[in-house]
Amino acid sequence: MAMAGESTSTKPIIYLSEYEFGVDEKRRVQIPSKWRPENPEGVEWVALRWQTDLQRPPCLLVLPPAAFQLLHEKVAALPFSDPQAETLRRSLTRAADTVSLDGAGRICLPKPLADAAGITKRAWLVGMFDRFQIWSPENYASVRAEDERNTVKALSLI
């Protein structure tokens, strides 16, 4: 099982574009073929409930092994005696789980995470270069409208 470090894929995956897929009764959602590792056996992604601002709705942030390793290293470097660091550790881990591809190229969203993000019958998958987000259609419509208003300002970051 490849949890840390590089995936077993020989070519790097860059998560681009956005896709809308159905979510079945078992909470399985298709992953675009461009986003799948060449050899997915043993590769696990980490899905986290993600909400960076209480004014924005939550989504699921899906971290491939390399992106998760970076987050893990940052959190591990925080002091154990810092109460905010401990809060961060608990907040991230209690709202997270591992997911992996099945033979049909789908992941099964853990029920508590899907419920927390409001994902039921449809989901938007949004690429973010080295990771991706999964949104309920309603939450994504709200965030997408806000993004469109803020794109020019956000482009000043690069």
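**View 1. Nonpolar surface patch formed by I14, L16 and F129.** In this predicted model, the residues I14, L16 and F129 together make a nonpolar patch on the surface, with an area of about 340 Å². L16 lies in the segment that precedes strand β1 (18-22). The relative accessibility of L16 is 47%, so this residue is classed as partly exposed.

**View 2. Surroundings of Q133 in strand β8.** Q133 belongs to strand β8, which comprises residues 132-135. Its relative accessibility is 12%, and Q133 is therefore classed as buried. A polar contact of 2.9 Å links the side chain of Q133 to the side chain of W135. Leaving aside residues up to four places away in sequence, Q133 touches W50, C59, L60, L61, W124, L125, V126 and M128.

**View 3. Surroundings of R89 in helix α2.** R89 is located in helix α2, which spans residues 83-94. With a relative accessible area of 15%, R89 counts as buried, because the cut-off for this class is under 20%. When residues up to four places away in sequence are not counted, R89 touches V75, A76, L78, P79 and F80.

**View 4. Model confidence and the stretch of residues 1-9.** The average pLDDT of the protein chain is 93, and 94% of the residues score at least 70. For residues 1-9, by contrast, the pLDDT is below 50. This stretch has 24 contacts in the model beyond near neighbours in sequence. Predicted coordinates should not be read in detail where pLDDT is low.

Technical notes:
Residues numbered from 1 in each chain as written. Predicted model: local features only at pLDDT ≥ 70, side-chain atom pairs only at ≥ 80, totals over all residues. Heavy atoms only, no water. Patch = residues over 30% accessible without salt bridge, like charges linked within 9 Å, V, L, I, M, F, W, Y side chains within 5 Å. Areas by Shrake-Rupley, 256 points an atom, 1.4 Å probe, with all protein chains shown as cover. Salt bridge = Lys/Arg side-chain N within 4 Å of Asp/Glu carboxyl O. Helix = DSSP H or I, 4+ residues; strand = E, 2+ residues; numbered from the N terminus. Buried < 20%, exposed > 50% of the residue type's maximum accessible area, 1.4 Å probe, protein only. Polar contact = N/O pair within 3.5 Å; in protein donor to acceptor, adjacent residues only side chain to side chain. Contact = heavy atoms within 4.5 Å. pLDDT = per-residue confidence, 0-100.
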